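This briefing introduces a structure to a reader who has not met it before. Please keep the sequence and the model in view while reading the points below.

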Amino acid sequence: MDFPLLIGIFPQVLLDGLILGFMYALIALGYTMVYGVLEFINFAHSEIFVVGAFVGVEILLTLQAAGLLEIFSPFLVLLVVLLLGMLASGLLAVTVERVAYRPLRGAPRLIPLISAIGVSFFLQDAVRLVESIWRNAFNLVYPTMDTLNIRYSFTETLDVSVKSLVVIVASLLMLWGLHALVNRTKIGKAIRAVAEDQATASLMGINVNRMISLTFLIGGAMGGAAGVLFGVQYSLINPYTGFIPGLKAFTAAVLGGIGNIPGAMLGGLVLGLLEAFAASYLSLLTGGAFGAEYKDIFAFSILILILIFRPKGLLGEVVRERA
Amino acid sequence: MRTVRLRYLPVALAALALVLPVTSLTDAQSKGTIKIATQSPLSGGQAALGEGIKLGTQLAIEKLKGPIEKLGFKVELVPFDDQAKPDVGVANAANVIADKDILVVVGHLNSGVAIPASEKYKEAQLAMISPANTNPTVTDRNYLNVSRVCGRDDVQGVVGAEFAKTTLKAKTAYVIHDKTTYGQGVAEFFKADAEKKGIKILGFEGTEEKSNFDPIITPMKAKNPDLIYFGGIYDQAAPFFKQAREKGVKATFMGPDGMDSSDLTKIAGKAVQGMYYTSVAGPVSVYPAAKEFAKQYKDKFKKDPEPFAAQAYDSTAIALKAIEAAIKASGGKVPSREQVSVAVRKTKHTGITGTIEFDEKGDPKKALYFVLQVASDDPGKWGDNKEVKRLSIAAPPLKKS
C-alpha cells in the first residue's frame, strides 16, 4: 500500500468533502425547517434547489452574452447572482406551499407528501420545457470566470481554488445567519413557536400562515443559494441534477435529526465527508476491488449504523416531542 | 353505472363499424404504408447525437424513397425517443413491434439500449440496422435481424491503446468509465490491450456521477498518469475533463467515439482542446461522397450534421434497398419482417460513408476506425477536428462456442 499517497491526498479529500458537505447542509436546511414546522417532507425541495441553479446560470449567460461578465468584479457578480437565485427559489418555495400544500393542511399526513412528489415532477419538466424552448439545451454550463479558477497550491497534492473558498465562506455566512435569525430574533422565536404548537402560537397572536410562508421562503432561499454554489463549483447542470443532491440532503437532515437546524448542518457535513473519503480511498485501500462507485453504499452503511444507535439522528433529542 | 355503460356499447360498436371500412378504403388507394422507425435519445443529455440519427434517417427517406413509391407504397418515418435508457428503449420496442407497418428500425445510439431492445425485435424478426452501436455483443449474438454499419469496440479499444503507445508514448494511464454496456466495454478493451502493450494502468474506476468528480480526480492527480481514458459519452465526460483540468491534472485526455459531439467542447471548452478520441464514424469531411449530404442536411435542418447522422443516412439507404428487394421478391406485396431481415444481410451498398457489406453475423466486413484530435474550444468548429490516423480493419470472426 502506498502510504505517502494515502496521506498526501488527505487534506485535498477533506476539502472536497467539506465543500460537498456544506452544499448538502444548505439544502438539508430546507427539508429540516419544513419538517420542523409542518412535519412533512417537502420532496419538491430538490427542484427548488435546481431552479436556483438555473436562475444563476441564466443571469450569468445573459451577462456573458452582453459582454458584461468581464467588466464587473466576479465577486460582485457572484453576490448578485447568489441573491437573485435565493430570491427566485425562496419565492418559488412560498408559491408551492401556497398552491400545493396549504389547501391540504388538514388532510392526512401522506396526502401533502404525494402532492410534494407531484410538484417535484412538475417542476423538473417545467424547467426542462422552458430551457428547451428558450435555449434549446438540456445541459447548461456555468460560464468560466478566470478569477474564480485561480488556484493556490499548498503542497504537491493540495491546492485550493478561489471558487472553493467562495463556496465555503458563503455557506458559513449563510449557516451562521440562519442560526442567528432563528435563535436571536423575534421572527425566529415566532417560527419556533409555530413549530412547537401551532394552535397555542396563534393564540399568542402569531400569524401562523405567515410564519409557515416565511419558513418556506428561508428554506427555499438556502436551497437556491446551494443551487448557485453547486453550479459555480461543478459547472454542469440539467433539469434533473437536483434529484441526487436532494436525496442526499434529505438523508443528511435525517442523519442530523430531522427538524433540527444545527443537526441538518452537521448531518450535511458528515455525509459529504463520508462520501468524499469513501470515493477517494475505497479503491486505494482495497487495491481496486471496491471502486469509487461504492461510495454511496459505504456512506449509507455508516448512516444506517448511526441511525441504529441513535434513531433520532445525531442531534435528535434537542427536538421536543409535539403534543 | 355499469348498466349505463353497457347500454351505450352497441352504439359505440356501430360507430366503430362505420369508421373502420372507411380507413381501410383510403389505405387501398396505395398498396399500403411502409414505416421505418428510428430509436435514439431525442431528449436528455445525449439528444444532440440522437437527433442526428433521426434527421439523417429523415433525409435519407426523403431522398431515396422513390423506388419503393414506384412500387405503390408510401414510406414514412416513425421516430421514437429511447432517452438513452434501456427500459424506455425496450418499452418503445414493444410499440415498434406492435405497429405492423414498421419493417426496419434504424438505431440505437447506446449499445446498452440496443442490446435489450433488439431482443424484442428478434421476437418479430424485425430488422434493426445500427448506425452507432459498437459493443461486440450487439452482433456477437448472431441474430439474423441485427446488423450494424459501424465498427466494434473490441477493435476500437485496441486502436486507442495502439495510438496511446506508439504515437503518444504513454507509459501510464488511468481509465474511467460510465458503467454502461458501451462505456465499460470499450474501457475494458482499452485497458486489456494497453496492459499487453506495456502501459501501466494506475487506476480503473466506474462512476455514474454526473456533476461532482472531485473525489475521483484527487487520487488520480496524485498518481499523475500520462493519459486519462474515459470510456463513456460526452455529457458525462465533458464535466469530468473540465474539472480535472481545473484541478490541475496535466495528463493527455482520450476517449472512444462517445466523445464525438460538439457538445463536448460546448461543456468543457478549453479543457478538451487537443484531446484525442477514436471513432468508428469520422467527421463528414473525411468522406468525399458525404459532401452533398452535409450541404443538404445543413440547408434543411439549419445545423451541421452530428456524428452518426451520415451513418444513419446509410443505414436507412440499406433499409430502403432491402425493402425494395423484398417487395420484388414477394411479388409486389408487403414483405414479411423476416424477408426484410434476410434482404438487409444480402444488401451491398455504396453509400456516403463507403461501401458496406455485412458478414455472417451482421458486422460490416471492413470498417473504418479513426483517431481524431479536437481542434478548437469553439463548438462551432467541431467539424474541423483533425484526423490523425485512419485504419480499415476487418471485423473479428464469430467465436464458435
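**Briefing: chain B, chain A and their contact**

In chain B, helix H2 (residues 47-64) lies across strand S1 (32-40), strand S2 and strand S3 (102-107), and its direction makes about 155° with S1(B). Helix H4 (residues 86-98) of chain B also packs on the sheet, where H4(B) touches S1, S2 and S3 of chain B and runs at about 175° to S1(B). The model is predicted, and the points below take up the sheet of chain B, two helix pairs of chain A, and the contact of the two chains.

**The sheet of chain B**

- The sheet is open and consists of five strands of chain B in the order S2-S1-S3-S4-S5, with parallel pairing.
- Strand S2 (73-81) and strand S5 (146-148) of chain B are at the edges; each has a single partner strand, so one side of each is left without a neighbour in the sheet.
- On average, and with direction ignored, neighbouring strands of this sheet are turned by 20° against each other.
- Three bridges join strand S4 (residues 127-130) of chain B to S5(B) in the parallel sense.
- Ile129(B) has Ser147(B) as its bridge partner in S5(B).

**Helices H3 and H5 of chain A**

- Helix H3 (residues 45-65) and helix H5 (residues 110-134) of chain A pack with their axes 9 Å apart, at an angle of about 20°.
- H3(A) and H5(A) are therefore roughly parallel to each other.
- The crossing in which H3(A) passes H5(A) is left-handed.
- H3(A) contributes Ser46(A), Glu47(A), Val50(A), Val51(A) and Phe54(A) to the contact, and H5(A) contributes Ser120(A), Leu123(A), Gln124(A) and Val127(A).
- By class, the contact of H3(A) with H5(A) holds five nonpolar, three polar and one charged residues.

**Helices H8 and H10 of chain A**

- Helix H8 (residues 186-196) and helix H10 (residues 208-234) of chain A pack at about 105°, and their axes are 10 Å apart.
- This angle makes H8(A) roughly perpendicular to H10(A).
- Ile187(A), Ala190(A), Ile191(A) and Val194(A) of H8(A) meet Val208(A), Met211(A), Ile212(A), Leu214(A) and Thr215(A) of H10(A).
- The contact of H8(A) with H10(A) has eight nonpolar residues, one polar and no charged.

**The contact of chains A and B**

- Chain A gives 31 residues to the contact and chain B gives 25 residues.
- On the side of chain A that touches chain B, the elements giving two or more residues are helix H1 (3-8), helix H2 (10-38), strand S3 (159-161) and helix H12 (261-285) of chain A.
- H12(A) gives the most to this side, with five residues.
- The residues of this side of chain A comprise twelve nonpolar, 14 polar and five charged.

How values were computed:
Residues are numbered from 1 along each chain as its sequence is written. Chains are lettered from A and ligands numbered from 1 in the order in which they are written. This is a predicted model: local features need pLDDT of at least 70, side-chain atom pairs count only at pLDDT 80 or more; totals for chains, interfaces and linings use all residues. Two residues are in contact if their C-beta atoms, placed from the backbone, lie within 7 Å. Helices (H or I, at least four residues) and strands (E, at least two) are DSSP runs, numbered from the N terminus. Ala, Val, Leu, Ile, Met, Phe, Trp, Tyr, Cys and Pro count as nonpolar, Asp, Glu, Lys and Arg as charged, and the others, Gly among them, as polar. Axes are lines fitted to C-alpha atoms, for helices over the stretch in contact, and angles run from 0 to 180 degrees between N-to-C directions. Angles under 35 degrees count as roughly parallel, over 145 as roughly antiparallel, 65 to 115 as roughly perpendicular and the rest as oblique. A crossing is left-handed if the near helix is turned anticlockwise from the far one by less than a right angle, and right-handed if clockwise. Two strands pair if DSSP finds at least two bridges between them.
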